[in-house]
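Visitor: I have a model open and I'd like to learn how to read it. Could you walk me through it, starting with the whole chain and then going down to single residues?

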Amino acid sequence: MASLNTLRTRGGIIISIVIGLALIAFLMGDFTPRSCSKITVGSIDGHKIGYEEYLYQAERFQVIVQTMQNKEALSSEETDIARNMAWEGLVAEYVYRPGLERLGLSNSEAEQIDMVSGQYLSPVITGNFANQRTGIFDPAVLSNFIIQKDYDQSGRLDALWKYMEEQMNDQRSMSKFFALIEKGIYVTDLEAEASLLAYGNTYDIELAAKSYSSIADSLVNITMADIREYYHAHKSKYKQEPSREIEYVVFDLLPSERDYAEAERYINGIAAEFAESDNPMQFALYNSTITTSQQYLSETQVDRAIAATVFNDPDAMYGPVLSGDYYTLARLADATYAPEQVAAKHILVSPNERELADSIASAIRQGADFEMLAVEYSIDPSAQMNGGDLGRFAPEQMVPEFSDAVVAARIGDVFTVDTDFGIHVVQVTEKDAPVRKAQIATIRYKVEPSSATQQEIYEQASKFLTEASGSYDNFKKASAEGALAKRVARIRTSDRSISGLQDSRELVRWAFDSKKGQVSDILEIGGDYVIAALAEVRTDEYSRPEDVADQIRPVVLRDKKARLIMDDMQGGDLRQVASSWNVETTTVEEISFAPFDVPGVGVGPRLIGAVAAANAGRLSKPVKGETAVYIFEKTAVNPVEEITAESEKIRLEATAASYLSERLGQAMSESAKVTDNRVRYF
């Protein structure tokens, strides 16, 4: 099963399936009883999730993602997506869905049919089966998918359809739940009147500000007792996820000067042979560490320096040139004239339907409607939306067999061509004027660390490990004595890698399998040698005051400076206070309650709130802002005529409803009581 977008390596309709259409990922299905191994990968609302149970779900969703991406194998990132989908499915199965069912928020059989083919279609359907030209749901696209599903012997399309059915049901149940909660939103007259006072006016003030920067930090003493006092007063801000903090050193496995010298000797030898080769492309394919492209490219599509050499002098050789760790050599292998872009239409049939392909081609040559035949016979799903029209494309975007045939044909020609996707009936509709294109034989040779260099670096790591092993203190001491740069990483249970380290899952797993203070063996991570120490294990619900002291200290410093400024405030009116602070007063106009910014001042929600609540003509109390202490007099109140108590009530209810999805999702997530230990096994 292939499509235009498959030919262009972008995937067909399956790729358009969006993983997260449902508001909450209720991704579970009808499961048979499963056995749980003794190993648990986590718990959800008190239910222990066994290794086998989770693996069953993960494998199911890997198949779904493979189908979505039209791939036989997934990358590590795509595998992680599938595993996270599986975990969210288990959360839904054990927490969310039972709660919705207890509320009676299920969907009848008639409602489920209506979601697919009735008046109130599910957004899962309308979002995934839209016409690519119009962006509007097209029943023909859905019908084509259903037909393909019934003929798909692999069962993947059927699994994808069942997944989408689950999404439809879960999204509909969730929308009912949201509607139920939304009906409970009510704004009282008192709330509307209070909001009208704030939003129904703008204000002018005369302002004096004393900046915190006017007091040197050295004049303010911050003790650990101050930090603890602030911490306990604001403890809810320091809730944390379970995590591990590691410190690690990296022994970079890089080529030595000896390796570069050897690589230069080798590449010069290769260059001499390359320059004399009668078949430069074959020579490049054999000797390049990176597969050389055999495509024909125009001068603008080639690296400028290489193009300047091979396009101007067919017998010249570019290089060897060292850039980073790669030497590059290039020679002209062949040249031709070909269009930059072409346009064509195609009808794709199965490889065993040669007679059908020939009949379709013959009918088109005799005047049959190409688009109608494409809709009827093409197994490319996009044919239902574009009638087989591929649009304009560069020949190199398509597989070689297809592009070579299109380039060789004339405008209007109808022909068949075989590719790995099937038999294509093709008609060329446009071709640009031919330009000179070159097939360039390119050799790329990477300078790698030799075995001797690898051994030397490993011995350095081994020496460090001998000095660092045993305890975290030894690790710190060895790092300091060796003048090695330590890196720090905080790893959560949801992490699968460490920023800045490629292929670091082994290190993440080690961190969660080790005890505080433990030092790792030499780990090969991303091609380098890494030794780590587990510096901290965080399992408490809240961070310790010592761990967040650096976050709290600036806030406490600001508060203490604010008190010093307020204590230094003197005078009974605004100008006297400004004089005691040694600052000038300024006029600020049109202050509104809606934004967080005060014109000419910056972010100041406290100041805005104080201005809205203050009485006109009276000196305010000092306001502790983000960067300064403020004191002001309100000089004018300017009504906003278009705002009324009734319109404000409507606005408040709409605002509350707009936050419902986010807040409700957070509340449901917190109620799930999830412990996720998958990082130790996956």
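Guide: Let's take the overall picture and then three residues. Keep in mind that this is a predicted model.

Visitor: How many helices and strands does the protein chain have?

Guide: The count comes to 24 helices and 21 strands.

Visitor: And is the chain spread out or a compact globule?

Guide: You compare the radius of gyration with what the globule rule gives. Here the radius is 34 Å, well over the 26 Å that the rule gives for 682 residues, so the chain is more spread out than a compact globule. The C-alpha trace spans about 95 × 75 × 60 Å along its principal axes.

Visitor: What share of the residues is buried?

Guide: Buried means under 20% relative accessible area. In this chain 43% of the 682 residues are buried. As for surface, the chain exposes about 35,900 Å², and carbon and sulfur atoms supply 49% of that area.

Visitor: What about contacts along the sequence?

Guide: Take contacts between residues at least 6 apart in sequence: 72% of them join residues at least 24 apart.

Visitor: How far apart are the mean positions of the positive and negative charges?

Guide: They are 6 Å apart, for 68 positive and 102 negative charges.

Visitor: Now a single residue. Where is Ser514 found?

Guide: Look in the loop between α19 (505-513) and β14 (523-525). With a relative accessible area of 10%, which is under the 20% cut-off, Ser514 counts as buried. A polar atom of its side chain lies 2.7 Å from the backbone oxygen of Trp510.

Visitor: Which strand holds Glu536, and is that residue buried or exposed?

Guide: Glu536 lies in β15, residues 528-538. Glu536 is buried, as its relative accessible area is 13%.

Visitor: Which side chain makes a polar contact with the side chain of Glu536?

Guide: That's Lys516, at 3.3 Å. Leaving out residues up to four places away in sequence, Glu536 touches Lys516 along with Ser243, Arg244, Glu245 and Arg544.

Visitor: And the loop between β14 and β15, what can I read there?

Guide: Try Gly527, which lies in that loop. Gly527 has a relative accessible area of 34%; partly exposed runs between the 20% and 50% cut-offs, so Gly527 is partly exposed. For distance, set sequence against space: Gly527 and Leu501 are 26 residues apart in sequence, and their C-alpha atoms are 9.7 Å apart.

Conventions:
Residues numbered from 1 in each chain as written. Predicted model: local features only at pLDDT ≥ 70, side-chain atom pairs only at ≥ 80, totals over all residues. Heavy atoms only, no water. Helix = DSSP H or I, 4+ residues; strand = E, 2+ residues; numbered from the N terminus. Rg over C-alpha atoms; globule rule 2.2 N^0.38 Å. Buried < 20%, exposed > 50% of the residue type's maximum accessible area, 1.4 Å probe, protein only. Contact = heavy atoms within 4.5 Å. Areas by Shrake-Rupley, 256 points an atom, 1.4 Å probe, with all protein chains shown as cover. Lys, Arg positive; Asp, Glu negative; His and termini not counted. Charge placed at Lys NZ, Arg CZ, Asp CG, Glu CD. Polar contact = N/O pair within 3.5 Å; in protein donor to acceptor, adjacent residues only side chain to side chain.
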